[in-house]
Amino acid sequence: MKKVTKGQWNGYDTYILNSRELEVTLLPRLGNNVISIWDHVEKRHVLRHPEESELEFYLQKPYHFGIPMLIPPGRIRKGLFTYAGQEYQFDRNTANDNHIHGLHRTQSWCVSDIEEDDEGCAVTTEFLTSDDPNWMRQYPIPLKLEMTLRLQGASLKQTFKVTHLGDKPAPFGLGLHTWFLLDGKPEEWTLKLPVSAIYSSNEELITTGDIVPLGELDALNDGLNLSGTNFDTMFQIGDKPVSADLLRKDGYGLHYTADPAYFKHWVLYTKGEADQFLCIEPYTWLPDAPNSKHPASVTGLIDLQPAQTLEFYVNLDMIYPS
C-alpha cells in the first residue's frame, strides 16, 4: 500500500500516493496541485476536488480546488510595488484593478524523484520560473521551486524549497488555499485556531495595516462551531502555535500545522456562509506585504538573497475517533 501509482485527469498525468488510510492525488502538469485526498477509513473526500467535467473552470481558477499554492498569497494593491530598486507589476485581475493570489496557476512542474519505503512514499517535483515568460514579465527574478509530498499512514507532509537564481534581493511569500470539506453539515464541525488578532481590510479586501482585537472570534482559541459562520478573514498568529484543528462532533477530523519559522498568518474563507467548505490557509506573508507600513517581522515578507535557499513545511494529520 505504501507506493506511488500513476493515473490521469483529463489527459494529464497524476501521481497517487497510497497508504492504508489515505489516497493522495498530485497533478504536477497543471500547477502541481494536490487535487484530491480520499480517506479510506471514513470513505470520504477530505478536500474539494475537481471533477473531470470541470477542466475549464479549473484552468480559469485552479486555486478553487485541493491544496493550491499561492505565490505570493492574497491581494496586492494595483499589483504594484518596488523592492530593492526593482519595480514589480503583477497583472490586475480583480474587479478593482488589484492583483490576487500570485503568479502560480497551471504551470507544468517536473517530477524529479519518487520514493517508496517501509514507512511511506513520496514524490518530489520542481519548476524553474524562468521557463515561464508570463511569470518573468511580472516577477523578473528567477527562482527554482521544489516540493516534496510525503505520505506516511494518515500523515501528509509538504516540504517546499525555494532557491534564488538571480543577482539581486527579492521579496518572497507563499500561501496555501486548502479547501477542506464540511459535507454540507457545518453544525457538526468545530475549528480550534490559536490566533492573536485580526488584520482589517478595506472595501476592496486589501489589508489596511490595522491590527484589531478578535472580539467574538476569540472563541477560535478554544474551539468555534462553524454553524452560521461566514469567513473571509485574515488572522495574526502572534506567539501562538501554528496549528489548526478541524473536528467533527464524533471525534473525526484533522490537525493542520505549518512551519513556525515562516508562517505568521492564517486566512479563513467559507465562500459565503459556511456550508460545503472551509478554507484554512497558512500564509508566510501578509497580503500586500511589500506596500505595508509594518516591518517584515510583522508581515512575514521574506528577503530572499541571491543563491539563498529556503526550506519550510506544512503537515496534515488525520484524526480518527478512538
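**Figure 1. T163 and its neighbours in strand β14.** In this predicted model, T163 is part of strand β14, which covers residues 155-164. Its relative accessibility is 14%, so T163 counts as buried. Look for the side chain of T309: a polar contact of 3.0 Å links it to the side chain of T163. Leaving aside residues up to four places away in sequence, T163 touches P142, L143, K144, E146, Q308 and T309.

**Figure 2. The open sheet that holds β14.** Strand β14 belongs to an open sheet of 9 strands, with antiparallel pairing. Read across, the order is β11-β12-β13-β14-β28-β24-β23-β18-β21. The edges are β11 (110-116) and β21 (224-225), each of which pairs on one side only. Inside this sheet, β18 (residues 189-192) and β23 (residues 243-248) run antiparallel and are joined by 4 bridges. To find your way along that pair, pick out W189, which stands opposite R248 in β23.

**Figure 3. The open sheet from β1 to β5.** Here 5 strands make an open sheet with antiparallel pairing, in the order β1-β2-β3-β4-β5. The edge strands, β1 (3-9) and β5 (44-45), each pair on one side only. Strand β4 takes in residues 33-39, and its antiparallel pairing with β5 runs over 2 bridges. A handy landmark is W38, which stands opposite H45 in β5.

**Figure 4. Backbone oddities: one cis bond and two positive phi angles.** Most residues other than glycine have a negative phi, and most peptide bonds are trans. Set against that, the peptide bond joining I71 and P72 is cis, with omega about -5°. P72 lies in the loop between β6 (69-70) and β7 (75-76). N32 isn't a glycine, yet has a positive phi of about 60°. Look for N32 in the loop between β3 (22-27) and β4. With a relative accessibility of 1%, N32 counts as buried. A307 isn't a glycine either, and has a positive phi of about 70°. A307 is in the loop between β27 (302-304) and β28 (309-319). Is A307 buried or exposed? A307 is exposed, with a relative accessible area of 66%.

**Figure 5. W179 meets F277.** By the ring-pair rule, there are 18 aromatic pairs in the model. One of them is W179 with F277: the ring centres are 5.3 Å apart and the planes sit at 85°, so this pair is edge-to-face. W179 is in strand β17 (residues 178-181) and F277 in strand β26 (residues 277-283), so the two rings tie together parts that are 98 residues apart in sequence. Both W179 and F277 are buried.

**Figure 6. R48 over two rings, plus an aromatic cluster.** Which ring does the charged end of R48 sit over, 4.8 Å from its centre? That's the ring of F65. R48 also lies over the face of W179, at 4.9 Å from the ring centre. F65 has aromatic company too: ring pairs link W9, F57, Y58 and F65 into a cluster.

**Figure 7. The salt bridge between E42 and R248, and its network.** Side chains of opposite charge can pair when their charged atoms come close. The model holds 11 salt bridges, and one joins the side chains of E42 and R248 at 2.8 Å, N to O. E42 lies in the loop between β4 and β5 while R248 is in strand β23, so the pair ties together parts that are 206 residues apart in sequence. E42 is partly exposed, at 25% relative accessible area, whereas R248, at 15% relative accessibility, counts as buried.

**Figure 8. Two further salt bridges.** D117 and R150 form a salt bridge, with their closest N and O atoms 2.9 Å apart. D117 sits in the loop between β11 and β12 (121-128) and R150 in strand β13 (residues 143-152), so this pair ties together parts that are 33 residues apart in sequence. D117 counts as partly exposed, at 32% relative accessibility. Back to the previous view for a moment: salt bridges that share partners join E42, R248 and D250 into one network. Another salt bridge is formed by D13 and K6, where the closest N and O atoms are 3.4 Å apart. D13 is partly exposed, with a relative accessible area of 28%, while K6 is exposed at 53%.

How values were computed: Residues numbered from 1 in each chain as written. Predicted model: local features only at pLDDT ≥ 70, side-chain atom pairs only at ≥ 80, totals over all residues. Heavy atoms only, no water. Pairing = 2+ DSSP bridges. Buried < 20%, exposed > 50% of the residue type's maximum accessible area, 1.4 Å probe, protein only. Polar contact = N/O pair within 3.5 Å; in protein donor to acceptor, adjacent residues only side chain to side chain. Contact = heavy atoms within 4.5 Å. Phe/Tyr/Trp six-rings, centres within 6.5 Å; stacked < 30°, edge-to-face > 60°. Lys NZ or Arg CZ within 6 Å of the ring centre and 35° of its normal. Salt bridge = Lys/Arg side-chain N within 4 Å of Asp/Glu carboxyl O.
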